[in-house]
Amino acid sequence: MQRRRVSARGREGYGLVVAAALLAGGAAGLSGVWLPGVWAALVTASAAVVAGVFAELGVTRHASAVADSDQWPNLLYLDSGRRLPVVRTTDPITLGVHRAASGPGIPADLPPFVRRDISDQLEECLAPGRFVLLVGESTAGKTRIAYEAMLARAGNWPLIVPNGIAGVPAALDATRTVRRPAVVWLDDLEKFLGSDGLSPTHIQNLLHGGRRPHLVLATLRAEEYTRLTGIGQGPPGSPPTVDRRRGGEEVLRLAEQIQLARAWSPREKADAQQDIYTADPRIREALKHIDRFGLAEYLAAGPQMLQEWCNAWAVGNRPRGAALVAAAVLARRCAIHRSLPETLLARIAQPILEQHGGTRLRPESLTSALGWATTPVHATSSPLLPEDNDGYIAFDYLIDALPKDPPPAAALDALLSFATEDEAIDLAELAGGWCRFVQARAAWQRALGHPDHERRAYALDNLASLIAVWRGDDQARDFLISTERERTARLGAEHLETLDARLTLAEWTGWGIDVREGIRQAQDLLQPLRNVGKSGAAQLLRCRGLIAMSRGNLGEWCAVEPELAQQIQEWGTLTETDAAETLYSIVRHAHCLSRMGRQDEQIALLRELLDDPRFVGAKDREGTLAQLANALQEAERYEEAAELFRQLQHIGESRHGAAHGAALSPRFHLASCIGHLGDPAKAVRILDDVVRLQETTGHETGVIQVLLRQRLYTWTGMAGDPHAAATRLHDLAKASETALGQHAHATLACRSRAAHWAAAAGDIPHGIEELTRLLAEFERRFGPDDPEARASRKSLDHWRTHTRQDHPPAS
């Protein structure tokens, strides 16, 4: 049962394991606490926001709006008269509807629209003052159905189409200028999010900031929705963190969301068979494949394009073109939705090409490769879509179509050179999950330059996590000490960023070095944080939470339980708190209950949280699911836990690929559940496969490798080979000492496991002696309720009892 540290800030981590809870195990001192990432309170038009809107309206003059509109041609889509277009006169292709195949005997315009099951529901939602979001897989037909619904309900309305993030201010200005309700069209909503993009306040102003209320209509790929509201990936031993890098989830929470399925229902298929539709040869052909592909998917030539991309990798075919497409797909998967310049695209593609075989594939020239990649398939779309700024972007269908294999490190290097600070955070998280530590470190360092304080704090926490996982807790502490000193010299000892760095240092010291020293450092922060006033209220609560949980690891759970319960109420009343912090405080209290022997209450509470309307986002639900799986495993309810870990494994694989930590971590825990259910040999096979997959991307000895192999060798012993377990764990402890340090928690845990299996192999005196020494060190440095302290104590009691039974006292 490996300890897992959790941030006092409650932030989601990044890296190998689905937030450290999964790999680090459910028995940890805050180790049972896994936190998903960005929760933010549902933002409504607060009094302050409303006041700001009216103040702005009060000083806005129509003349100035007209003057500003001179810049609109570069920022908004305008008609030929340089005015806002009307919905019914706008070409749907311009709005993002995919072309369909054309050619001899085939119409050049779009095929007739076949209504979907959700068409009526969608049209009923389209009214002024509403924000409607259509979510579905790529080429499911989102843009077409949204366009058709808009045409039916708002055909004569003005249409406001911003050109990416840069067009958001112009769109806000346009909503204040038009004299009647308008539609704000946000196809591919993710392109409008980011530090300079749409915020909840922007949405409120788009809806209600003009002379009339307006309609905001948006589409979003299901994969992007999952990314914006999904589980954060954290390496073992790293503190989960609340990602504040974008207002993405807050924006999504404001929307009325409608899901569009890619596969067609029986009723939809029957409707499509009507003569009015089958008169079009493209629909007739698509209907032949409708059991495999959605109608819109086939009409956009998605399957054919995917097949051509796969075939292009063949020797002498179009391997460089295929690599260029893969490079553009990688950028989109890393949440870089801007078009890529040709030179950058070629730089990213080169290591991908080399990964597939390089010169052995006899690649074509770059000019020829670009020509192939930008040629439309069946006169529809092309794998690479040229943009107006001489850049290229990947066709949506390809982004999610193939397995998400880890990319070459050099490709990530090239992407990072182009990334903004916001995009660097996404890159860092993905790179960490693939154990690309050099790239993750560089990306977090880039993110430290973010203009927003909370995002800099997020980057600092995760950079410390990375260093600890990669180089050990001592180096993480040294890095944080250096950071705290630099901020003190630059900003002053009482500056909030300096105090924030000190809080992170106290956290890492307590969880990784010495729990009592961590408590002392946190206690020294209480008064300075109180002195900061309201701006430091959240940090003060986090600091108190850190102290309470650290005292719990010292065995004081009963004493700190009232404090943890009180903090739930305080987070709920803090003006600027978000759902993440509130949920985190509930989970901490639940963990405390379990350590007090009230595991049934913990499990019941976690089950209630799954349906709590305050935490309805995907992150909230999946994070709580992981919490519940850990709690069930700790309570030895292995069948229930195994089912949840299977669900989490499926989520991780679909989101990031089989070799990413988000997928490996649930398999890691699933193996233990299966072993406890009576099949230790299968547990060994699963863990061996997890180790193999992880080592395809990360080869250096670090916390991740140590934890994975430690669990593998433990189950080797459980499967009946204690000698092999003892030997391999002994060697692993030496490797861990070299990489992480003699007193690193992971090193000590390996030695404890090695001692147990040495005793099982017959050397009981040595095992007892070593376990006695290690237990004392665990208790001294990490507290008596540290999970490894508990595991060592349990093992020591077992072998002492075994010795007494073999040598009963004389009568």
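Let's start with alanine 335, which counts as buried because its relative accessibility is 8%, below the 20% cut-off for that label. Keep in mind that this is a predicted model. You can find alanine 335 in the loop between α16 and β6. Its contacts, once you leave aside neighbours within four places in sequence, are Arg227, Glu423 and Asp426. Another residue to look for here is leucine 228: it sits 107 residues away from alanine 335 along the chain, yet the two C-alpha atoms are separated by 9.7 Å.

From that loop, step on to β6 and the sheet it belongs to. This is an open sheet of 3 strands, ordered β6-β8-β7, and the pairing is antiparallel. The strands at the edges are β6 (340-341) and β7 (384-386); each has a single partner strand, so one side of each is left without a neighbour in the sheet. Have a look at how β6 is held to β8, which covers residues 391-394: the two run antiparallel and 2 bridges join them. One pairing to pick out is proline 341, whose bridge partner in β8 is glycine 391. Now bring back α16, the helix on the other side of alanine 335's loop. Helix α16 spans residues 319-333 and lies across β6, β7 and β8, running at about 75° to β8.

There's another sheet to visit. This open sheet has 5 strands in the order β2-β3-β4-β1-β5, and here the pairing is parallel. Its edges are taken by β2 (159-160) and β5 (256-260), each with a single partner strand, so each has one side left without a neighbour in the sheet. What joins β1 to β5? The answer is 5 bridges, with strand β1 (residues 131-136) and β5 running parallel. Within that pairing, valine 132 of β1 has glutamate 256 of β5 as its bridge partner. Helix α9, residues 222-229, packs on this sheet and touches β1, β4 (215-221) and β5, with its direction making about 95° with that of β4.

Next, two residues with a backbone quirk. Most residues other than glycine have a negative phi. Aspartate 188 goes the other way, with a positive phi near 55°. It lies in the loop between β3 (183-186) and α8 (200-208). Is aspartate 188 buried or exposed? It counts as buried, because its relative accessibility is 8%. Arginine 362 also has a positive phi, about 55°, although it is not a glycine. Its loop runs between α17 (342-356) and α18 (366-373). Arginine 362 is exposed, because its relative accessible area is 59%, over the 50% cut-off.

Finally, let's follow the charged side chains. Side chains of opposite charge can pair when their charged atoms come close. The structure holds 47 salt bridges. One of them brings together the side chains of arginine 487 and glutamate 497, at 3.7 Å from N to O. This pair links distant parts of the chain, with arginine 487 in helix α24 (residues 473-491) and glutamate 497 in helix α25 (residues 496-512), 10 residues apart. Both arginine 487 and glutamate 497 are buried.

Further along, glutamate 622 and arginine 655 meet in a salt bridge of 3.1 Å, N to O. Here the link is between helix α31 (residues 618-634), home of glutamate 622, and helix α32 (residues 638-656), home of arginine 655, and the two residues are 33 residues apart. Both glutamate 622 and arginine 655 are buried.

Then comes the salt bridge between the side chains of glutamate 737 and arginine 751, at 2.5 Å from N to O. Glutamate 737 belongs to helix α36 (residues 722-740) and arginine 751 to helix α37 (residues 745-760), so to speak a link between distant parts of the chain, 14 residues apart. Which of the two labels fits glutamate 737, buried or partly exposed? Glutamate 737 counts as partly exposed, because its relative accessibility is 31%. Arginine 751 is buried, with a relative accessible area of 16%. To end the tour, look for Arg595, Glu634, Asp785 and Arg790: salt bridges that share partners join them into one network.

Methods: Residues are numbered from 1 along each chain as its sequence is written. This is a predicted model: local features need pLDDT of at least 70, side-chain atom pairs count only at pLDDT 80 or more; totals for chains, interfaces and linings use all residues. Side-chain values use heavy atoms; hydrogens and water are left out. Two strands pair if DSSP finds at least two bridges between them. Helices (H or I, at least four residues) and strands (E, at least two) are DSSP runs, numbered from the N terminus. Contact means heavy atoms within 4.5 Å. Axes are lines fitted to C-alpha atoms, for helices over the stretch in contact, and angles run from 0 to 180 degrees between N-to-C directions. Buried means under 20% relative accessible area, exposed over 50%, partly exposed in between (1.4 Å probe, protein chains only). A salt bridge is a side-chain nitrogen of Lys or Arg within 4 Å of a carboxyl oxygen of Asp or Glu.
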